[in-house]
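Dear colleague,

I am passing on a structure to you with this message, and below it I set out what was found. Please read the notes with the coordinates open beside them.

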Amino acid sequence: MPLLTVNHLRMSFQTRAGTARAVQDVSFQIERGETLGLVGESGSGKSVTCYSIMGLLPRPQARIEGGQAIFDGADLLALPPRELNRYRGRRISMIFQDPMTSLNPYSRIETQLMEPLLIHEKITRAAARRRALDMLSAVGLPDPSARARMYPHEFSGGMRQRVMIAMALITKPDLLIADEPTTALDVTVQAQILELMKRMRQELGMAILLISHDLGVVSGFCDRVMVMYAGRVMESARTADLFYNTRHPYTRALQKSTPALQVKGRELYTIAGAPPDLLQPLPGCPFAPRCEFAIEACARAEAIPVEVAPGHDSACLRVQKENLPL
Amino acid sequence: MPPPDLHLDEKSASFWQDAWHRLRKNRLAMFGLVVVAVLALLCGLAGPICGHIIGFSYEQQNLALGPVGPNHVHWLGTDRMGRDMLARLLYGGRISLMVGLLATVVSLFIGVTYGAVSGFAGGNVDMVLMRCVDILYALPFTIFVILLMVFFGQNIILLFVAIGAVQWLTMARIVRGQVMAIKQQEFVEAARALGLRRRRILFRHILPNLLGPIIVYATLTVPEVMLLEAFLSFLGLGVQPPHSSWGVLIKEGAEMMEESPWMLIYPAAAMALTLFSLNFLGDGLRDALDTRGSKE
């Protein structure tokens with residue numbers, strides 16, 4: 001049985017201009033110890049999907065309209081807040097995009113690290129402190145006992161992200177949700193943080209759901225990748241299949257618009273047009289207006305992911321029927 | 001190897017140490033702190049000082065003497081009934097400072113809780129709670145106090161209640177606004193993702209971030225409350241004789257301004273000095289506790 005099964009998740013935001021359907025019928029699974037990458041451009045619904053699972057959506061504007069998120073037999077979407085708190089921070093942890101603001105500026109690093117232990121486990125303060133220090137050295141912070149007494153403003157961005165990772169992993173969760181953990185960091189630090197996450201994954205064996213818009217990050221890190229667009233799943237496959245045997249025009253377009261170091265003097269490929277307005281109902285495939293392979297049927301028929309090769313789902317109508325020269 | 005400028009061996013300066021360090025460099029604020037401390041000490045020890053040093057109690061009358069100016073027996077002179085002004089000033093200060101402090105604590109307690117809950121809950125709860133504040137704001141303060149006095153009689157506890165009941169409104173508004181701003185920050189989301197309960201997030205993560213503004217506003221509330229007490233006493237609604245407060249003394253002094261100016265000058269000076277000091281201290285604290293400018 002998979003660790004997490006998301007079935008037909010739909011959620012929307014009520015705005016003054018109307019209802020924005022941010023996530024439309026998203027389904028996926030994560031096995032124990034597996035790493036799933038969630039890729040898409042801004043507004044594609046990848047973060048919101050995770051926030052829904054974690055119960056972190058802003059109320060009352062956000063509304064979950066349907067679906068399930070079964071984690072170890074319990075539907076996270078249906079749990080009352082108090083029950084959900086038994087999962088959050090204990091069995092599912094999350095790290096955020098901006099390490100500069102995701103630590104409380106007024107309390108010491110050790111206090112913040114000990115907090116999940118103290119609320120989720122029967123543990124003495126002294127034991128919690130020891131675990132916190134162990135965790136800090138595990139994430140590669142030099143001189144943890146001195147650093148633990150410091151405040152977040154005394155840390156650099158990369159170090160804060162290390163602290164965030166330590167805080168997320170201190171309860172040895174089964175699933176770590178990482179919402180663009182390296183986006184706010186510079187490139188060298190990005191590589192260090194990814195390296196650290198790989199090492200922690202090996203040591204603790206947890207599953208990871210990595211959200212990113214960086215295909216490079218995802219390709220080197222994930223077992224499987226899921227591509228989202230306009231709140232829907234476009235394609236999902238094992239990482240190598242997705243990159244070398246692409247089965248969706250949108251994924252191909254994303255790959256082509258990634259700057260590569262070796263090709264010089266050529267203008268970067270961009271996808272013409274803009275992402276669709278989620279306030280409007282979207283009949284058919286949401287990518288159809290921007291897709292160079294679109295045919296008339298694409299604008300009408302619902303785009304539903306179908307297995308087109310073993311373990312490889314694509315929502316593209318034409319791919320499902322014929323062999324497109326992608 | 002750690003870079004040399006990290007001072008890892010040094011004890012990391014805590015937020016409060018930093019703030020204290022900045023406050024100490026602010027001369028006006030330190031002046032205010034010292035003055036307030038000295039005055040509070042003198043007024044707090046009014047009993048022994050009157051008994052052993054001055055030799056008069058605040059209610060000991062000498063009608064035959066009447067009002068006399070400062071001399072070597074009565075250092076600050078006497079009032080209409082021959083009572084020693086210094087003794088009355090110290091005792092009056094005790095009440096004034098006590099009113100200031102207690103009413104501030106009352107307003108702090110109600111205002112912070114109310115504002116924090118309102119801001120954190122948001123939505124309709126916030127709407128209803130804040131409209132209640134608006135309605136209370138609209139009540140004319142003097143009429144409210146007079147009504148209280150008429151119905152419950154005059155006593156000093158009522159004075160705290162009346163002043164506290166008005167002062168917490170502003171506190172609630174300030175705290176609500178700050179909570180609303182801070183609850184948007186990512187660390188609050190991170191705290192939720194860690195599985196913390198709402199109450200713990202509010203009181204352990206959000207409120208500590210507000211200590212700065214709250215402390216500053218509290219120090220600025222103390223003089224405001226003292227002024228209110230003086231105003232009420234001046235109108236005859238506050239502290240009743242033979243007890244005195246600075247407001248009462250100023251009122252009595254104002255009546256005798258031409259014949260015996262010392263009766264007005266000393267309490268007024270004490271009051272002004274205290275108010276100035278507290279305001280300087282409040283300003284200094286605001287600068288010292290504001291981390292935005294100096295850190296990051």
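What percentage of the 296 residues of chain B count as buried? The figure is 42% of the residues of chain B, and please keep in mind, here and throughout, that this is a predicted model.

To begin with chain B as a whole, its secondary structure comes to 13 helices and zero strands, so that, by the DSSP runs on which helices and strands are defined, the order of elements from the N terminus on is α-α-α-α-α-α-α-α-α-α-α-α-α. Its C-alpha atoms fill a box of roughly 80 × 55 × 30 Å along the principal axes, and among the contacts between residues at least 6 apart in sequence in chain B, 70% join residues at least 24 apart.

One helix pair in chain B deserves a description of its own. Helix 5 (residues 123-138) of chain B packs with helix 7 (residues 156-182) of chain B at an angle of about 150°, and their axes are 10 Å apart. Because of that angle, helix 5 of chain B is roughly antiparallel to helix 7 of chain B, the cut-off for this term being an angle over 145 degrees. The crossing of helix 5 of chain B and helix 7 of chain B is left-handed. On the side of helix 5 of chain B the contact is formed by M130(B), V133(B), L136(B) and Y137(B), which meet L169(B), A172(B), R173(B) and R176(B) in helix 7 of chain B. Sorted by character, the residues of this contact between helix 5 and helix 7 of chain B divide into six nonpolar, no polar and two charged.

Turning to chain A, I find eleven helices and twelve strands. For its 326 residues, a compact globule would have a radius of gyration near 20 Å, and the 21 Å of chain A agrees with this. The C-alpha atoms of chain A fill a box of roughly 65 × 50 × 40 Å, taken along the principal axes. Buried residues make up 44% of the 326 residues in chain A, and of the contacts in chain A with a separation of 6 or more, 64% are accounted for by residues 24 or more positions apart.

Two places in chain A are worth inspecting in detail. Helix 1 (residues 46-54) of chain A is mostly covered, with nine of its nine residues buried; the buried residues include K46(A), C50(A), Y51(A) and M54(A). Just after helix 1 of chain A comes G55(A), which takes a positive phi of about 65°.

The second place is D174(A), which lies in the loop between helix 6 (157-169) and strand 7 (175-179) of chain A. D174(A) counts as buried because 21 other C-beta atoms lie within 10 Å, where the cut-off is 20 or more. Leaving aside residues up to four places away in sequence, D174(A) touches L3(A), R32(A), R91(A), M206(A) and A207(A). The C-alpha atoms of D174(A) and S93(A) are separated by 8.3 Å, although these residues are 81 residues apart along the chain.

Finally, there is the interface, where 21 residues of chain B are in contact with 30 residues of chain A. Helix 8 (residues 186-193) of chain B supplies the largest share of the side of chain B that touches chain A, namely six residues. The residues on that side of chain B divide into nine nonpolar, six polar and six charged.

With kind regards

Key. Residues numbered from 1 in each chain as written. Chains lettered and ligands numbered in written order. Predicted model: local features only at pLDDT ≥ 70, side-chain atom pairs only at ≥ 80, totals over all residues. Axes fitted to C-alpha atoms, helices over the stretch in contact; angles between N-to-C directions. Helix = DSSP H or I, 4+ residues; strand = E, 2+ residues; numbered from the N terminus. Parallel < 35°, antiparallel > 145°, perpendicular 65-115°, else oblique. Left-handed = near helix turned anticlockwise from the far one by under 90°. Contact = placed C-beta atoms within 7 Å. Nonpolar A, V, L, I, M, F, W, Y, C, P; charged D, E, K, R; others polar. Buried ≥ 20, exposed ≤ 12 C-beta atoms within 10 Å, placed from the backbone. Rg over C-alpha atoms; globule rule 2.2 N^0.38 Å.
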